[in-house]
Amino acid sequence: MNQQNQSNGTPDKKLRILSGIQPSGTPTLGNYIGAMRNWKLLSNDYDCLYMIADLHSITVRQEPAKLRQQSTQLLALLLAIGLDPEQNILFFQSHVSQHTQLSWVLNCFTYMGEMSRMTQFKDKSAKHSDNINCGLFTYPVLMASDILLYQANLVPVGADQTQHLEICRDIANRFNGIYGNVFTIPEGYFPKFGAKVMSLQDPVRKMSKSDPDDCFISMLDNPDNVRRKIKRAVTDSDAAIAYDPENKPGVSNLLTIQSSLTGEAMDALVDSYAGKGYGVLKSNLTDVIIETLSPIQDKFNQYMNDKSYLETVWRSGAEHASRLAERTLSKVMKKVGFVSK
Ligand code: TRP
């Protein structure tokens with residue numbers, strides 16, 4: 001996209017991106033390859049806000065100390081992968097009260113029927129049948145608020161969130177239809193390099209941090225763990241190294257991870273393994289993963305040892321985000337008819 005206005009030489013305003021990630025556990029290599037790494041690539045071309053979606057996490061019961069720890073770690077990880085807090089707004093959702101305020105208003109413009117059709121709600125309520133709370137039900141409304149508050153143009157999301165993005169657009173259109181153009185209608189952003197990483201033990205399913213430990217590689221796994229998990233990763237009964245996700249999902253997943261971390265084209269990568277066995281692939285892949293994660297982990301440790309720096313980052317993020325969010329929120333409050341303060 002050409003963002004320079006050639007006629008008068010002034011740059012057009014960059015499009016705005018907002019995305020969020022929940023602090024429910026340490027991100028996996030799949031989260032890194034599929035989402036986080038792209039956040040960094042986008043930060044040069046777009047005006048980006050990246051949010052740690054801690055409010056969303058309490059739709060499932062959390063242990064307070066763990067939630068706090070995981071949230072702080074996630075911020076340190078975002079910095080460690082190279083997201084520059086001067087260039088991007090990095091913030092905790094719970095620090096910007098406008099999210100919950102807008103969420104209440106938008107709840108009143110969202111129908112029970114729409115929410116009950118959300119597949120994630122159905123899945124999560126089946127999984128947590130002892131805690132089907134109202135927050136879980138209206139989770140997509142909070143997510144819509146996250147996006148609409150910042151007038152985001154583009155929202156990078158995984159396939160599991162496209163239904164939520166669709167409902168966000170519906171809510172925004174409905175609101176705009178009643179009150180005029182209050183919200184920008186966001187679109188999904190599907191990155192070119194967003195390879196989907198599958199479970200190491202069940203490679204037809206997405207790699208997930210809620211599965212048993214040997215199914216995924218955490219971004220904080222040490223080299224021994226990486227080695228052990230890749231060694232135990234399921235392959236296929238025949239020994240040929242070929243990229244064939246349908247018939248050879250295990251090997252194809254390992255190849256996908258290697259090619260997306262090194263940037264090698266899949267064909268060339270597969271050729272380089274001609275006549276070699278799974279052992280070589282696994283050992284090379286282990287090295288590649290360790291080489292990727294080690295520098296990130298070193299930086300992560302530095303940030304975790306500098307709490308006051310982290311505090312500076314999250315305070316400044318909250319301040320910037322609140323300023324933007326308040327513009328939209330006050331417009332909404334006025335439109336719906338509340339008396340101005
Ligand atoms: N619901 C998203 C997930 O679990 C996280 C999220 C919350 C989000 N708010 C968002 C993603 C806004 C994109 C935009 O993955």
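This briefing walks through the overall build of one protein chain and then visits a few of its helices and residues. The model is predicted. Its secondary structure comes to 13 helices and five strands, and 48% of the 341 residues count as buried. Take your time with each group of points, and keep the 3D view open as you read.

**The chain as a whole**

- The radius of gyration of the protein chain is 22 Å, which agrees with the value near 20 Å for a compact globule of 341 residues.
- Along its principal axes, the C-alpha trace spans about 75 × 55 × 40 Å.
- Among contacts with a separation of 6 or more, 74% are between residues 24 or more positions apart.
- The accessible surface comes to about 16900 Å², and carbon and sulfur atoms account for 51% of that area.
- The chain has 36 positive and 35 negative charges, and the mean positions of these two sets are 6 Å apart.

**A helpful idea before looking at helices**

- An α-helix has 3.6 residues a turn, so residues three or four places apart point the same way.
- Keep this in mind for the two helices that come next.

**Helix 6: two sides to look at**

- Which residues of helix 6 are buried? In this helix, which covers residues 119-127, they are Gln120, Phe121, Lys124 and Ser125.
- These buried residues cover an arc of only 125° around the axis, which puts them on the same side of helix 6.
- Turn to the other side of helix 6 and you will find Asp123, Ala126 and Lys127, which are exposed.
- What covers the buried residues of helix 6 includes helix 5 (112-116), helix 7 (134-149) and helix 8 (162-179).

**Helix 9: a buried face**

- Helix 9 runs over residues 223-232, and its buried residues are Val226, Lys229 and Ile230.
- Seen down the axis of helix 9, these buried residues fall within an arc of 95°, so they line one face of the helix.
- Asp224 and Lys231 are exposed on the other side of helix 9.
- Helix 10 and helix 12 (278-304) are what the buried residues of helix 9 pack against.

**Arg227: a residue of helix 9**

- Arg227 also lies in helix 9.
- Is Arg227 buried, partly exposed or exposed? Arg227 counts as partly exposed, because its relative accessibility is 40%, and the partly exposed class lies between under 20% (buried) and over 50% (exposed).
- Arg227 touches Thr286 and Ile290, leaving out residues up to four places away in sequence.
- Arg227 and Ser283 are 56 residues apart in sequence, while their C-alpha atoms are 7.9 Å apart in space.

**Gln258: a buried residue of helix 10**

- You can find Gln258 in helix 10, which covers residues 249-262.
- Gln258 is buried, with a relative accessible area of 5%.
- Which residues does Gln258 touch, not counting those up to four places away in sequence? They are Glu264, Leu269, Tyr273, Leu281, Asn284, Leu285 and Val288.
- One of these, Leu285, is 27 residues from Gln258 along the chain, and their C-alpha atoms are separated by 5.8 Å.

**Phe183 and Gln151: two loop residues**

- Phe183 is found in the loop between helix 8 and strand 5 (187-189).
- Although Phe183 sits in a loop, it is buried, with a relative accessible area of 4%.
- Leaving aside neighbours within four places in sequence, the contacts of Phe183 are Leu102, Leu106, Leu148, Gln151, Ala172, Phe175, Asn176, Thr328 and Val332.
- Ser97 is 86 residues from Phe183 along the chain, and the C-alpha atoms of the two are separated by 18 Å.
- Gln151, one of the residues in contact with Phe183, is in the loop between helix 7 and strand 4 (154-156).
- What is the phi of Gln151? Gln151 has a positive phi of about 55°, although it is not a glycine.

Methods. Residues numbered from 1 in each chain as written. Predicted model: local features only at pLDDT ≥ 70, side-chain atom pairs only at ≥ 80, totals over all residues. Heavy atoms only, no water. Helix = DSSP H or I, 4+ residues; strand = E, 2+ residues; numbered from the N terminus. Rg over C-alpha atoms; globule rule 2.2 N^0.38 Å. Buried < 20%, exposed > 50% of the residue type's maximum accessible area, 1.4 Å probe, protein only. Contact = heavy atoms within 4.5 Å. Areas by Shrake-Rupley, 256 points an atom, 1.4 Å probe, with all protein chains shown as cover. Lys, Arg positive; Asp, Glu negative; His and termini not counted. Charge placed at Lys NZ, Arg CZ, Asp CG, Glu CD. Arc of directions from axis to C-beta.
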